[in-house]
Every structure is written in structure tokens, then in C-alpha cells.
Amino acid sequence: QQAAKGLPWASHLRVRGVIALSRVKGQGAASLALAEQYRAEYPDDRMIAGYLGLTYLNQNNIQEGVSLLKEAGKAKQPLLMVSFHLGAMAHQRGDLTAAEAHLRKEIEFHPKNVLAFRLLKDVYVATKNWDGMVQLAQRALEFRNTVEWTHIKVLGLFNNREYERCRRILDVAMKRYPESSHLALMDANLLQKEGKESEAMQRLEE
């Protein structure tokens, strides 16, 4: 807070001070009051707008919260969850183009946001953008090498009819996750595409 007073052009100091205060037990109201004070003093500060927008949403002050989030989303690097909420709202109203743009921005700056990855995957499924889905899964696997994202990657390749590449990745994945029913089902579908009907049926039974 002292640094923010001395360096008024450094907006990140203000939001860091507010967030730090919010994490102190019993200081939630004080952190909100400080953010509102900064908002009055620096109305163009989009980081503070993001903090307030997220806080108002949590307090069920939807109208004002959404208005602030829209402003905060224009920042070069929005606060964590700002672009996610904008993407979720766009997804809810059926604007998948806007949803993709917002969610991609969230992932760009906050690659550990699992919710953003999963919702963007849903957008790609709805738009049948299998290339996007494969690229998203690959990005996710760089941060969390899980069976969930391995399955999403091979599913994208399968739907994109890249069967040979799908097989190479799937075989490795099944050795790593032998108990995965999702991978077993993918194997059955891929065996069918490879013309191995009897093996596919046996795999389905398994």
C-alpha cells in the first residue's frame, strides 16, 4: 500500500495490496473498501475493476459486477478469472466465437486455470473444431499430464480422422493408464476404423 502511494502509475501494486489484504483473516470488508477507494481515485485502473467485478459477482451484485468485468477484460493482462467469467457468460448466451476469444485469453495469462481449459474444450466440441481441441489438449498436457487430457487429445485426433497419429498416442497412453475405460472405448472405436471388427467387439465387452 505504501508503494502504491509512491508509485501511482504502477496499477499492479494497488491490486496486489488489495488482494493481500483480502487474505488477512477478518479483513474482507477492509479490502473491498480499499478497492472501492482506489476505483474512485483511479477510474481507469482495469485491474481494480477486475477485482471489484469478481467481488461483486461473489456478493450476487450481478449487474455491477458484469459491467466491471467487461471493462476489466480490456486490460492487456486481465486479472485471474476475469476473462473466464466473460467467456462463461458468452458461452451461456450461445456466442461461441466470443467465448473462445475470452477463454483463450484466460489461458494465455493464467495457464493453471483448469476451469478455463475445460470450458474451452466444450466450445471446441460444440463447434467441431478438432484442431483447436487437439492443440488445447497439448497445451494442457504441458501443465498437467493426466488421463483426462490425454483422452481429449486422442478424441480430437480421432474426430479429425487422424487415425495413425491417434493410434500412436493411444497405445502409449493405454500402457500408462491401463484401467481407463475412456481409453478402452477409444481403442474399440479406433479398432473398428482400422477394420478390426472382432478385436473392436472384444474391446467393447472389456
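Is the crossing of α4 and α5 left-handed or right-handed? The tour comes to that pair at its third stop; the model on screen is a predicted one, and the whole chain is the place to begin.

**The whole chain**

Show the protein chain as a cartoon and colour it by secondary structure: there are 13 helices and 0 strands, so that, read along the sequence, the pattern is α-α-α-α-α-α-α-α-α-α-α-α-α. With the view aligned to the principal axes, the C-alpha trace spans about 70 × 30 × 30 Å. The radius of gyration of the protein chain is 22 Å, whereas a compact globule of 206 residues would have one near 17 Å. If you colour by accessibility, buried residues make up 43% of the 206 residues. A contact map adds that, among contacts between residues at least 6 apart in sequence, 46% join residues at least 24 apart.

**First stop: Ala10, then α2 and α4**

Select Ala10, which is placed in the loop between α1 (2–6) and α2. Its relative accessibility is 8%, and because the cut-off for buried is under 20%, Ala10 counts as buried. If you also select Leu69 and draw a C-alpha to C-alpha distance, the two residues turn out to be 20 Å apart in space and 59 residues apart in sequence.

Now select residues 11–22, which form helix α2, and residues 46–58, which form helix α4; their axes come within 8 Å and cross at roughly 25°. The two helices are therefore roughly parallel to each other, as α2 and α4 show when viewed together. To display the side chains at this contact, pick Ser11, Arg14, Val15, Val18, Ile19 and Ser22 in α2, which meet Met47, Ile48 and Tyr51 in α4. Sorted by class, the contact of α2 with α4 has 6 nonpolar, 2 polar and 1 charged residues.

**Next stop: α4 and α5**

Keep α4 selected and add helix α5, residues 62–72, whose axis comes within 7 Å of that of α4 and crosses it at roughly 150°. Here the two helices, α4 and α5, are therefore roughly antiparallel to each other, and, to answer the opening question, their crossing is left-handed. On the α4 side the residues to show are Arg46, Ala49, Gly50, Leu52, Gly53, Leu54, Tyr56 and Leu57, and these meet Ile62, Glu64, Gly65, Val66, Leu68, Leu69, Glu71 and Ala72 in α5. By class, this contact of α4 with α5 has 10 nonpolar, 3 polar and 3 charged residues.

**Next stop: Lys128, then α9 and α10**

Move along the chain to Lys128, in the loop between α8 (114–127) and α9. The phi of Lys128 is near 55°, a positive value in a residue other than glycine. Most residues other than glycine have a negative phi. Lys128 has a relative accessible area of 61% and is exposed.

From there select helix α9 (residues 130–143) and helix α10 (residues 147–159), whose axes come within 8 Å and cross at roughly 155°. That angle makes α9 roughly antiparallel to α10, and the crossing of α9 and α10 is left-handed. Trp130, Met133, Val134, Leu136, Ala137, Gln138, Ala140 and Leu141 make the contact from α9, while Trp149, Thr150, Ile152, Lys153, Leu155, Gly156, Leu157 and Asn159 make it from α10. The residues of the contact of α9 with α10 divide into 11 nonpolar, 4 polar and 1 charged.

**Next stop: Arg161**

Select Arg161, which lies in the loop between α10 and α11 (163–176). Arg161 has a phi near 65°, a positive value in a residue other than glycine, and with a relative accessible area of 67% Arg161 is exposed.

**Last stop: Leu190**

Finish at Leu190, in helix α12 (residues 181–193). Is Leu190 buried or exposed? With a relative accessible area of 0%, Leu190 is buried. Leaving aside neighbours within four places in sequence, Leu190 is in contact with Phe158, Tyr163, Cys166, Arg167 and Leu170. For Cys166, one of these partners, a C-alpha to C-alpha distance drawn to Leu190 reads 8.3 Å, and the pair is 24 residues apart in sequence.

Notes:
Residues numbered from 1 in each chain as written. Predicted model: local features only at pLDDT ≥ 70, side-chain atom pairs only at ≥ 80, totals over all residues. Heavy atoms only, no water. Axes fitted to C-alpha atoms, helices over the stretch in contact; angles between N-to-C directions. Helix = DSSP H or I, 4+ residues; strand = E, 2+ residues; numbered from the N terminus. Parallel < 35°, antiparallel > 145°, perpendicular 65-115°, else oblique. Left-handed = near helix turned anticlockwise from the far one by under 90°. Contact = heavy atoms within 4.5 Å. Nonpolar A, V, L, I, M, F, W, Y, C, P; charged D, E, K, R; others polar. Rg over C-alpha atoms; globule rule 2.2 N^0.38 Å. Buried < 20%, exposed > 50% of the residue type's maximum accessible area, 1.4 Å probe, protein only.
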